[in-house]
Number of protein chains: 2
Amino acid sequence: MSSLRLISPRISRSICGQTPRLSRSLSAKRPHFPCVEAHAARESRIRAAPRLSASPSTNPEQLSDSGPEPPYARPNPKTYHIYRDSAPLHLTYSPDPLPSFDVAYETWGTLSPSKDNVILLHTGLSASSHAASTPANPAEGWWEKFIGPGKALDTNQFYIICCNVLGGCYGSTGPSSTDPLTEKHYGTNFPVISMFDMVQAQFRLLDHLGVNKLYASVGSSMGAMQSLAAGWLFPERVGKVISISGTARSSPSAVAMRFAQRSVLMADPNWNNGFYYDGLPPHTGMKLARQIATITYRSGPEWDLRFGRRLRPLPESEEPSPDAPRSPALCPDFLIETYLDHQGEQFCLKYDANSLIYISKAMDLFDMTNSALSSLNLRPSTSSSLLTTNTSHSKSHPPPANPPAYLPDLAEGMKPLANIPTLVLGVQSDILFTVEQQREVADALRMAGNDNVSYYELGGVWGHDTFLLDVLNVGGAIRGFLS
Amino acid sequence: MSSLRLISPRISRSICGQTPRLSRSLSAKRPHFPCVEAHAARESRIRAAPRLSASPSTNPEQLSDSGPEPPYARPNPKTYHIYRDSAPLHLTYSPDPLPSFDVAYETWGTLSPSKDNVILLHTGLSASSHAASTPANPAEGWWEKFIGPGKALDTNQFYIICCNVLGGCYGSTGPSSTDPLTEKHYGTNFPVISMFDMVQAQFRLLDHLGVNKLYASVGSSMGAMQSLAAGWLFPERVGKVISISGTARSSPSAVAMRFAQRSVLMADPNWNNGFYYDGLPPHTGMKLARQIATITYRSGPEWDLRFGRRLRPLPESEEPSPDAPRSPALCPDFLIETYLDHQGEQFCLKYDANSLIYISKAMDLFDMTNSALSSLNLRPSTSSSLLTTNTSHSKSHPPPANPPAYLPDLAEGMKPLANIPTLVLGVQSDILFTVEQQREVADALRMAGNDNVSYYELGGVWGHDTFLLDVLNVGGAIRGFLS
């Protein structure tokens, strides 16, 4: 039944004359997979030294020099402040409040005597309060280049406060905290929380500090959601709002990407329904989740430029013979693969898995349409006169072409922000918080009657991470808007 | 230290007067996660009935009616043909050939006496030879609406052959096949294969059938890669080429998405380095991988329209009280989540995990730039005169604006296709094989001197899956080009 024709010179060699060499080695040897063995090896390291979870074996500095990477340093627990609030915190989705809570925070600059120069800086999903270095903790912060004298958030002028969000694991109350009722880690007995809950907790800290009104509420990514939520909850306590690469209504495609991350994490047997604090953390699931997340943080065009189709350099021991093509591996082989692998590896022991699950869920749930907000028993703490703004589209800005059907609903929901000057900034290469969503935030605000919306769109190839990297353009827009 | 101010009406209720109800139920009850339990439940079902792997508990018909879904039916092993070739098959990346191989195939229409009406239809990653129903197997095929009398691939005129690819698990030789040298499943002793190897195997079948020249080589997605590879390997045996939503050079972002899938699959302990055929398959990893894949197959705009932010309907037992907002779940809750969950669940026992790994790797490796091809010891089986085509850009088509730096290299590599009329069709909402890549294929072909390139770009929201769904536009373009 075999058909033996001359098809190509190499096939013909194997047919005409000799029987080709059928090496037993092809079948007899069991292959091994370093990328899979890495999971077991990591687990052994954790078993041998449980405190490894506080000191991962890889760090960002080991990343290749091929492109810019934002710093990700865990804060030093001894150097952030903790605000302990022993009164309950009402929650958006739970009938029961949190009985008490902590908020970890750091500050930069000097609080003015009238306490009117405060900027509340909101973080993205996995960041800590350590936005910039401090005298107590000189480690580089996640927005190091944006905070300081003469920088985007100018410490000569402003007093900047950055909190670890409620639900986080860097000092604020979250699933890894001890439940005062059981004296055990909350685990997944922690209630589902919302952006609004995070902001409520932060304003309890502001109350404690005697800060009645913010000069500005500033945030990027999930921080932008909080920034908008702060303006919505406390319209009279927020002077300006900055929303960078955020959204006022999480899109189903962003939900999909975060769902994929939660799925791989929760499928890790170590996750153990969220009760892993006395055992081994779900480090494999965390690595896999971070790999997926990293895909959404950057952009294809950046990878084209940065990695293209280049392969990892082979160690000498693996080099092929000069006359044979390099044999491809099923484990990471292209540089883009080793990049994702590295990003996952360096993150997987740094952050709490349950915090990732709860906070990413809070992002999914964020929706400022009026129909969504009105189902939540939430309302802005403001005089009702603020809410009478005309919902017809502002005269100074024509209505957008092809608006999504929910835009009027979103504009209605965002009415409490109608009198707050707002900067909306987006990035065209962002695949997680698309530029369409940035336009949507600006359009909804304008449609809600806000005549003080500044809108910028940036090019470039850094995707969602642009807010962490582009000091010149992102920083410049912030500085201009705040001055 | 606590700061108790009036922040919102609901917060104030919990502060002024009564101590809020601190239900023990919040903390004492261990939560459960149906989406995680599903993995163990599935494993129990497989243990109880190992043949479940041939009959998954869910099927595509159970999918919600909210939008179009392509059929995915596994073929009936009794109704496809198998071509058994007992001669070795040279491989692109392995020093050792495959000692022998099978190719499963099905046909539609009638072979003309001169055997000049043959269309070779190439499949995407996970498809079988069952592209359309046959008298022997009336189950709907994956391209059912595109094949038949008067359809895009018109069986009144053409004889259509569709093969399960080398590396697959639906009758053709792949990692789940028995290695004749060891009489055990290959597992990951199966060699890494290339698109070119798949095409070589198919042309051995054509030799066997006495088909010297194809009327056309047709494929979408990975099938488009094969379609181009067929024209490259056998320029004198391919009359026309159709490439739909494919690429001539896999992009790093597509590699990233496939890497994420392979990573979650290979991390499943059941995968067992690829040697799971005598045990339990890595069904959890397969489900997670398919969830990720599904994100790349459709588009955000489709999900906006189809699911928006709607939640799954709650069964009566879970309905909240009228005065409380619905409590969000960490398991799938938004319809987009249940959709992805369902897609993963219905696929995870249908397809072989190792086939997914090997074939997705072959996609990553596909690169028709001259520099990549010339490292592979591959060459087209053609008279050298064909290769003298001028590589300057065709006069009838001006060079593209902002071409990628590798475009001349790609044009040089694609020179063997310079004389084959080619249809390139792409979809603007495709995030896996972007429209830029479609333009790149057309540009490279024209730059290689091909004056017979038809290029179409489709709108719509179905993303990469458009080729499976849009009979009117995709089918129309094919029919027009073939006639």
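Which backbone oxygen does the side chain of Arg237(B) reach? I will come to that after a short overview. A reminder before I start: this is a predicted model.

Chain A first. Its secondary structure comes to 15 helices and twelve strands. The chain has 483 residues, and 64% of them are buried. The accessible surface of chain A is about 17,700 Å², with 52% of that belonging to carbon and sulfur atoms. On contacts in chain A: taking those with a separation of 6 or more, 76% are between residues 24 or more positions apart.

Next, the nonpolar core. The largest one has 219 residues. The residues with the most contacts inside this core are Ile161, Met368 and Met414, each listed for chain A and for chain B. From chain B, the core draws at least three residues from each of two domains. Domain 1 is made of 44-73, 251-313 and 331-365, and domain 2 of 81-250 and 366-482.

Take Met368(B) as an example from that list. Leaving out residues up to four places away in sequence, Met368(B) touches Leu228(B), Trp232(B), Ala248(B), Leu373(B), Asp409(B), Leu410(B), Gly413(B), Met414(B) and Leu417(B). Met414(B), one of these neighbours, is itself on the list of residues with the most contacts in the core.

Now the charged pairs. Over all chains, the count is 46 salt bridges. I will go through three of them and one network.

The first pair is Arg262(B) with Glu337(A), where the closest N and O atoms are 2.7 Å apart. Arg262(B) sits in helix H6 of chain B, residues 252-266, and Glu337(A) in helix H9 of chain A, residues 335-347, so this salt bridge joins two chains. Arg262(B) is buried at a relative accessible area of 2%, and Glu337(A) is buried at 0%.

The second pair is within chain A: Glu457(A) and Arg439(A), again with 2.7 Å between the closest N and O atoms. Glu457(A) is in strand E12, residues 453-458, and Arg439(A) is in helix H13, residues 435-447, so the bridge ties together parts that are 18 residues apart in sequence. Buried or exposed? Neither end is at an extreme: Glu457(A) is partly exposed at 27% relative accessibility, and Arg439(A) is partly exposed at 35%.

The third pair brings us back to Arg237(B). Its side chain meets that of Asp207(B) in a salt bridge, 2.8 Å from N to O. Asp207(B) belongs to helix H4 of chain B, residues 195-209, while Arg237(B) is in the loop between helix H5 (222-233) and strand E10 (241-244); the two residues are 30 apart and the pair links distant parts of the chain. Both are buried, Arg237(B) with a relative accessible area of 13%.

As for the network, salt bridges with shared partners join Arg42(A), Arg45(A), Lys287(A), Asp341(A) and Glu345(A).

To return to the opening question: the side chain of Arg237(B) reaches the backbone oxygen of Val211(B), at 3.1 Å. The side chains of Arg237(B) and Asp207(B) are also joined by a polar contact of 2.8 Å. Setting aside residues up to four places away in sequence, Arg237(B) touches Phe203(B), Leu206(B), Asp207(B), Val211(B), Asn212(B), Lys213(B) and Leu214(B). In short, Arg237(B) is a buried loop residue with a salt bridge to Asp207(B) and a side-chain contact to the backbone oxygen of Val211(B).

Definitions and conventions
Residues are numbered from 1 along each chain as its sequence is written. Chains are lettered from A and ligands numbered from 1 in the order in which they are written. This is a predicted model: local features need pLDDT of at least 70, side-chain atom pairs count only at pLDDT 80 or more; totals for chains, interfaces and linings use all residues. Side-chain values use heavy atoms; hydrogens and water are left out. Helices (H or I, at least four residues) and strands (E, at least two) are DSSP runs, numbered from the N terminus. Buried means under 20% relative accessible area, exposed over 50%, partly exposed in between (1.4 Å probe, protein chains only). Contact means heavy atoms within 4.5 Å. Accessible areas come from the Shrake-Rupley method with a 1.4 Å probe; for residues, only the protein chains shown count as cover. A nonpolar core is a set of buried Ala, Val, Leu, Ile, Met, Phe, Trp, Tyr and Cys residues joined through side-chain atoms within 4.5 Å. Domain bounds come from an automatic or database domain assignment. A salt bridge is a side-chain nitrogen of Lys or Arg within 4 Å of a carboxyl oxygen of Asp or Glu. A polar contact is a pair of N or O atoms within 3.5 Å; within protein, one must be able to donate a hydrogen and the other to accept it, and residues adjacent in sequence count only if both atoms are side-chain atoms.
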